[in-house]
Amino acid sequence: MKMTYREAVRQGLRDALATDPRVFLMGEDVGKYGGTYAVSKGFLEEFGPERIRDTPLSELAFVGTGIGAALGGMRPIVEVMTVNFSLLALDQIVNTAALYRHMSGGQFSVPLVVRMATGAGRQLAAQHSHSLENWYAHVPGIKVIAPATIDDARGMLKPALADPDPVVIFEHALLYNFEGELSEPWRDVDIASAKVLRPGRDVTLVAYAGTVWKALEAARQLAAEGVEAEVVDLRVLRPLDDATIMASVRRTRRAVVVDEGWRTGSLAAEVMARIMEQAFYDLDAPVARVCSEEVPIPYAKHLEDAALPQPPKIVAAVKQLLGKT
Amino acid sequence: MIEFKLPSLGAEMDEGTLLEWKVKPGDRVKKGDVVAVVDTSKSAIDVEIWEEGTIYELMHEPKETLPVGTVIAHLLEPGETPEHAEEEKRRMAAEAKAAAPPAAPSPAPVPGLVPAPAPPSAEARVRASPAARQRARDLNVDLAVVTGTGPHGAITIEDVEKAAAAAAQPPDRATEMRRAIAAAMARSKREIPHYYLATDIPLARASQWLTARNEQRSVTERVLMAVPLLKAVALALKRYPELNGFFRDGAFVPGAGIHLGVAISLRQGGLIAPAIRDVDRKGLDELMRALSDLVGRARALTLRSSEMSDATVTVTNLGDQGVDLVHGVIYPPQVALIGFGKITQRPWVEDGKVVVAPVLTASLSADHRASDGHRGALFLVELARALQDPEKLDTGTG
Amino acid sequence: MSEGSLKPVTVPRELAIAMLRDMVRIRRFEERCADLYGQQKIRGFLHLYIGEEAVAAGAINALAPEDAIVATYREHGHALTRGVSANAVMAEMYGKREGCSRGRGGSMHVFDAATRLYGGNAIVGGGLPLAVGLALADKMQGRQRVTAVFFGEGAVAEGAFHESMNLAALWKLPVAFFCENNLYAMGTALARSESQTDLCVKAAAFKVPTLKVDGMDVVAVHEGAKQAVEYVRRGDGPFFVEFQTYRYRAHSMFDPDLYRDKAEVEAWKKRGPIHNLTNRLKAEGRLTEDDFLAIDAAATHEVEAAVAFAEAGTWEPVEDLARDVHTEPAR
């Protein structure tokens, strides 16, 4: 069935709310407004104000409240409008949600789901264009996932809610209007593995969230020139599925990691380091990456485009690895 | 402290692969002891040492391919302490540093061979991907000879696999040897102004004498005609020493003894010319034994380094192949080559009568820089004369 | 406060003695902790509650067993009063596997699921949103439980305080906000950090009912807390109580304590919560010196037993280092 990413996320949420009375949605403008990205439109009427909770602009408090509610037996889905605002709640996610189980000697788990939009590409300028997934992926005690496909947008919420520990879900804001096919028959997805979205023999493109589609576009362009790129969608940013990444790199012997985060200290850097550690002797070229330029994301369209990973940059990086420049 | 350097084991050798150490630190060695086995393009050679001392340290590991002249071991001189050796090393290192530019003079250029590998340094490292290196180890491919097609010319796994496929034929010593001979002979023809002389030598007396001599001996002790020929060459050279030795750095250097390099063709193709030392001082039986031994070991590829490098002149005998006359190419840096054709029954005038006699054509190829035709002619005359007096050939120690 | 005008102890003797016993237990426990810190048996940060015992003893005795507690990094007293064994707390201080947090938390992270003690939070104000969430879960699930969150006056400067007060009030959540105002946020006096030093006024801004209580008087603490807890349990929303108290010792070990006068400390010590209560009970003829000595001896005995227990404890194997980062899949 063809649907938008937004609709897929929405179906996943609706499914969760309808099937588990412990589940509730909490966040800024999730109710009356219908969700900043219209994901939860109509939910307030359908599920009522107890379970569709508009919050004040208090990211720290409502994320922390989600943690407490999870400890108290609920299955909260906390929507932080965007990763940009999640910095205000970072203390609760890092200092409380991530640590409680270990620091309490295993007594308290926090079955919390935090969703947030991420990414640039809509001319929203520097403060609304962050990709800070790596900040979260750095922290033990939380799982970080990033659905990029319709199937994952639809299917990753359920296992996230079933997880006894905190899960942070990043939804790339550019993807909400993206249309694609939902697999039929519908099958559950996991939140443990990466996935090869396109097989190829010459180079592995490792990407996640918004960059998955840029990597696929680059692969299409490369195919026209006889280069077969394999595209691996990380899907899960923590813990990384090393096995799938390495299996692909061992086949292709070359890798380009595509990451909308800034290069320095990026998730791309982590993936590259793991490839060095685990697949060094399978490499036929240095591992490369295409990340955002190290500048605040500018407003003007041409500058924003220049700051972000784009298919031509990916194509160029691949060609360089293949000695074709 | 003594620096033991990888010796040149022949003119065409400018590098060798250390195969095995026969000594270890602490071993006492004396002149002539075999200390290592080195693979040249020709064969595995036992390398002897010409100094006396105690092995202090071995500088290189087996499998390493090293340029000729590389210090491969340090030895303590008799009575020398390790402390003194360390001091010497420091001093030499300092001197080497001070004298760094210009680079140490390289050995005479030998064109046509693989260039000597540069000393290991970051700049000189072969640029190869990790996967390529791993595959090269697995397939035993030398990355130094693989051409890279990857980024910045790096060798990729595919490059290694192609190189391995190309080298799938068994390691081709014959090809290597062909290259080495080609290089040496090309150098010879390029550098050495040859002149050629020949003369017919009647061997009736010599062969009668030898037949009689052999009849008194068991089959295994019999001496081939090749042996008196060698002895005669040696005795003649004694009178014409400018044909026995080397032309180096623009000047003739006489040989320290008369060591005849005997050209031996190998079954797998190619030839080598190991030396029998001091032929002039050996008796015929001893020479026969030496020759048999040499041919056997040459074909088994177990020659000693001195045998490979000691020859002061080369003798090639193509009589068995049925040719009458040899126009030999000198083996540099030697200055002469004596060739023998086959012994044939020919009409020969002796004391005014035509008789049928066994006759041999001996030829001389000589380096005009070291000798002139006049002296060369006298040498051939002397050779012919020596063979008319065969009893006198059988002098020496055995 | 003069001898002649002692406030009557307006709670039953049994409760008064129980609260006295808790205060003495906390005092003896923490004195021993200071000693053990010097011996390097206890490491890391150690924040002592000495002087403030009346707040934990009075307030927690006003809670029902099913209620929840969220505390700060100065929480040994809350744990002991709540019923976490001295053994488990001391072993935790030692970093032993037998500690209530398996030695993972130490002094600042005392957790106990059985008594619903949710830590032990070492981020100032960090426990406030958590308490709001626990209360939200209770409310959504129709449970008549109270979540009591303890925090210092320093936390009132954090956004977490304002955001949490607002949310709890907005959603009428059953949270008892118990502010332990000991006048110093580490070394910064309230007046040096807040424009409005009347904390109740801040809470009132969120339309939350408030109470200001003498935190050195365990009876007053108990009665104030009881009033708050009863209000909260009725489901009308949160309640804020400011307990005015004082810590005798430095903020933590190795604090030079340069920010306050020795005289000020001595003046507060005269109001000490333990002799405050003993004097009144004795004056009323409800406690003898022998009774007190027995309570004291029992507390000392309990603490020494806890030290022995902790000494005999074992270290968690390093192989278990990564255990409980995530919930282990069921085996």
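Two residues are in contact here if their C-beta atoms, placed from the backbone, lie within 7 Å. The model is predicted, and local features need pLDDT of at least 70, side-chain atom pairs count only at pLDDT 80 or more, while totals for chains, interfaces and linings use all residues. Residues are numbered from 1 along each chain as its sequence is written, and chains are lettered from A and ligands numbered from 1 in the order in which they are written.

**Chain B as a whole**

Select chain B to begin: among its contacts between residues at least 6 apart in sequence, 65% join residues at least 24 apart. Chain B has nine helices and 19 strands, where helices (H or I, at least four residues) and strands (E, at least two) are DSSP runs, numbered from the N terminus. Of the 398 residues of chain B, 37% count as buried; a residue is buried if 20 or more other C-beta atoms lie within 10 Å of its own, exposed if 12 or fewer, and partly exposed in between, with C-beta atoms placed from the backbone.

**An open sheet in chain B**

Now select strands β1, β8, β6 and β3 of chain B, which in that order form an open sheet with antiparallel pairing; two strands pair if DSSP finds at least two bridges between them. At the edges lie β1 (2-5) and β3 (28-29) of chain B, each of which pairs on one side only.

Starting from the β1(B) edge, follow the four bridges that pair it with β8(B) in the antiparallel sense, and find B:Lys5 standing opposite B:Val71 of β8(B). Strand β8 of chain B covers residues 71-76, and five of these six residues are buried, so the strand is largely enclosed by the rest of the structure. Four bridges then lead from β8(B) to β6(B), again antiparallel, and B:Glu57 can be seen opposite B:His74 in β8(B). The last step across the sheet goes from β6(B), residues 53-58, to β3(B), through two bridges between strands that run antiparallel; here B:Val29 has B:Gly53 in β6(B) as its bridge partner. With side chains switched on, keep in mind that in a regular strand they alternate between the two faces of the sheet.

**Where chain A touches chain B**

Show chains A and B together and look at their contact, which takes ten residues from each of the two chains. On the chain A side there are five nonpolar, two polar and three charged residues, where Ala, Val, Leu, Ile, Met, Phe, Trp, Tyr, Cys and Pro count as nonpolar, Asp, Glu, Lys and Arg as charged, and the others, Gly among them, as polar.

**Where chain C touches chain A**

Replace chain B with chain C in the view, and the contact to inspect takes 34 residues from chain C and 34 residues from chain A. On the chain C side, the elements that give two or more residues are β2 (117-121), α5 and α6 (159-170) of chain C, and α5(C) supplies the largest share, ten residues. By class, this side of chain C has 16 nonpolar, twelve polar and six charged residues.

Within this view, select α3 of chain A (residues 59-71) and α5 of chain C (residues 127-140), which pack at an angle of about 50° with their axes 6 Å apart. Axes are lines fitted to C-alpha atoms, for helices over the stretch in contact, and angles run from 0 to 180 degrees between N-to-C directions. The two helices α3(A) and α5(C) are therefore oblique to each other, since angles under 35 degrees count as roughly parallel, over 145 as roughly antiparallel, 65 to 115 as roughly perpendicular and the rest as oblique. Residues that meet here include A:Gly64 and A:Gly68 in α3(A), and C:Gly133 and C:Leu136 in α5(C). The contact of α3(A) with α5(C) has twelve nonpolar, five polar and no charged residues.

**Inside chain C**

Finally, isolate chain C, which comes to twelve helices and eight strands, and of whose 331 residues 54% count as buried. Select helix α4 (residues 86-94), where nine of nine residues are buried, among them C:Asn87, C:Glu92 and C:Tyr94. What covers the buried residues of α4(C) includes α1 (13-38), α3 (76-82) and α12 (289-312) of chain C. Just after α4(C) comes C:Gly95, with a positive phi near 80°.
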